[in-house]
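Colleague: Could you take me through this one and tell me what your labels rest on?
Modeller: Sure, have a look at it and ask away.

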Amino acid sequence: MFQFIRIFFNDLFIEKMNFPENAGKFFTLLILLAAGIFVILFSYQLLRLVFVGIAKFRHKRKPTFWLQAMLEQKFFEKIALFLPGFFIFRVWPAMFEPESASLQFFIAINAMFNISMLVKCICTFLDVLETVSALKKGRKPIRSYMQVVKVVLWTLAIVLILCILVKKSPSGLIAGIGAFSAVLLLVFQDTILGFVNSIQLSTNDLVRIGDWITDPKGEANGIVEEVNLIAVKVRNFDNSIVTVPIKSMVNNSIQNWRGMNERKVRRITRSIYLDVNTIKACTPEMLEKYRQIDVLRDYLDTTQEKIEKLNAQKHLTNNTFPNVEFQTNIGVLRAYMVAYLEQHPMVDETSLLMVRHGNPEENGLPMELYCFVRTTEWREYEALQSDLFDHFYAVLPFFDLRAFQRSSDYDVVKK
């Protein structure tokens, strides 16, 4: 068709309208270019409507992650633009005289366009692959790999375009570039180092998209949103964005809370500071009062029986306090806290559970609670932790104990 148009307008301008030969060929060239551009635009719009229409129709009937990602990344628009360029590349010889400079020029321009669009289509497909991968929970980050592939593709595309411009084979140009490899390594050292670190990050499964990580330096404390060649992007819980270098993630200590989310349990470790002046031995009256608590009755009886046997074995001449073994109110409180946690429905019985003393401090004796609860949701976790300590603070007076609290100026004035 284009050959027919070229011959027809050449005859029209040169032979019938008596235009100079150069002018006739120039006007014919303009008409052919207009026709070529029209064919490209028309084909692009037609293919775009067909591809996108079919994809949307298919996605509406049976939604899939792949079609959704392709529509979001406009993959079909890229394909619709690449195909007309490939088609017009085949018809350039029919539009110009063989071996003409104009033919060589437009073939070169078309070839560079086709190379660029082909790489663009491949890169868009890689974006689609990354988008689909992002929908999988707990996935490994692949953006760094995608970025490396894109860098390689665009590097090859630039090499091919330069070969077209200078009319040399790619092998000769690549051999020339090899001489500048040291310079290239210096220029792209951060990219190369980032790629190596990202491979270590992924191979050792240190970080995934969606992980909660904390940085000992206090800069990052939030959810991982992106892992690329250079850095890991973290959205902190105050909605600020922090970028942690890949090198720091590999070489330094980063706390990852993924194990907590996978097991669906979270640790509680917090202390109640007790006034040591309120710690004392249990009298028979106190033990009788404590027996009113159902979960303590067996513990008190068993412990008292062991104490009596121990005292009998010692053959003491003076069976008075403190020569004999005895129970303390803080020991009974510790047993009560353990029993209370063991029967609590939200405390995980398969995980470690204990209540222990810490080293005495100027603020009193810390009684530390250590257990795991069946929730990782932040608000529910904090509410449950608060409920547990509300209960334990409230029962302290029952055990004749008091939480430590410094006296303020108000207390001194009030006295």
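Modeller: Bear in mind that this is a predicted model. Let's begin with the salt bridges, of which the structure holds 15.

Colleague: What makes R291 and D301 a salt bridge?

Modeller: Their closest N and O atoms are 2.9 Å apart, and the cut-off is within 4 Å, so the pair qualifies. R291 sits in the loop between α12 and α13, while D301 is in helix α13, so the bridge ties together parts 10 residues apart in sequence.

Colleague: And how do you know that R374 and D348 form a salt bridge?

Modeller: There the closest N and O atoms are 3.7 Å apart, which is still within 4 Å. R374 is in the loop between β8 and α15, and D348 is in the loop between α14 and β7, so this pair ties together parts 26 residues apart in sequence. Both residues also belong to a network of salt bridges with R263 and E349.

Colleague: Why is D348 called buried, and what is R374 called?

Modeller: D348 has 8% relative accessibility and buried means under 20%, so D348 counts as buried. R374 comes out at 34%; that lies between the 20% and 50% limits, so R374 is partly exposed.

Colleague: What about R356 and E368: what makes them a salt bridge?

Modeller: The closest N and O atoms are 2.5 Å apart, again within 4 Å. R356 lies in strand β7 and E368 in strand β8, so the pair ties together parts 12 residues apart in sequence. E368 is buried at 15% relative accessibility, whereas R356, at 40%, is partly exposed.

Colleague: How many disulfides are there?

Modeller: Zero. Take C123: the closest cysteine sulfur, in C121, is 9.4 Å away, and a disulfide needs the sulfurs within 2.5 Å, so they are too far apart for a bond. C123 is buried, with a relative accessible area of 7%, and C371 is buried too, at 0%.

Colleague: Which residues form the nonpolar patch on the surface?

Modeller: F38, F42, L46, V50 and I54, with about 520 Å² of accessible area together. L46 is found in helix α2.

Colleague: What makes L46 fit for a patch?

Modeller: Patch residues need over 30% relative accessible area, and L46 has 44%, so L46 clears that limit. With 44%, L46 is called partly exposed.

Colleague: And the chain as a whole, how much of it counts as buried?

Modeller: Of its 415 residues, 36%. The chain has 16 helices and eight strands.

Notes: Residues are numbered from 1 along each chain as its sequence is written. This is a predicted model: local features need pLDDT of at least 70, side-chain atom pairs count only at pLDDT 80 or more; totals for chains, interfaces and linings use all residues. Side-chain values use heavy atoms; hydrogens and water are left out. Patches are made of residues with over 30% relative accessible area and no salt bridge: like charges are joined within 9 Å, nonpolar side chains (Val, Leu, Ile, Met, Phe, Trp, Tyr) within 5 Å. Accessible areas come from the Shrake-Rupley method with a 1.4 Å probe; for residues, only the protein chains shown count as cover. A salt bridge is a side-chain nitrogen of Lys or Arg within 4 Å of a carboxyl oxygen of Asp or Glu. Helices (H or I, at least four residues) and strands (E, at least two) are DSSP runs, numbered from the N terminus. Buried means under 20% relative accessible area, exposed over 50%, partly exposed in between (1.4 Å probe, protein chains only).
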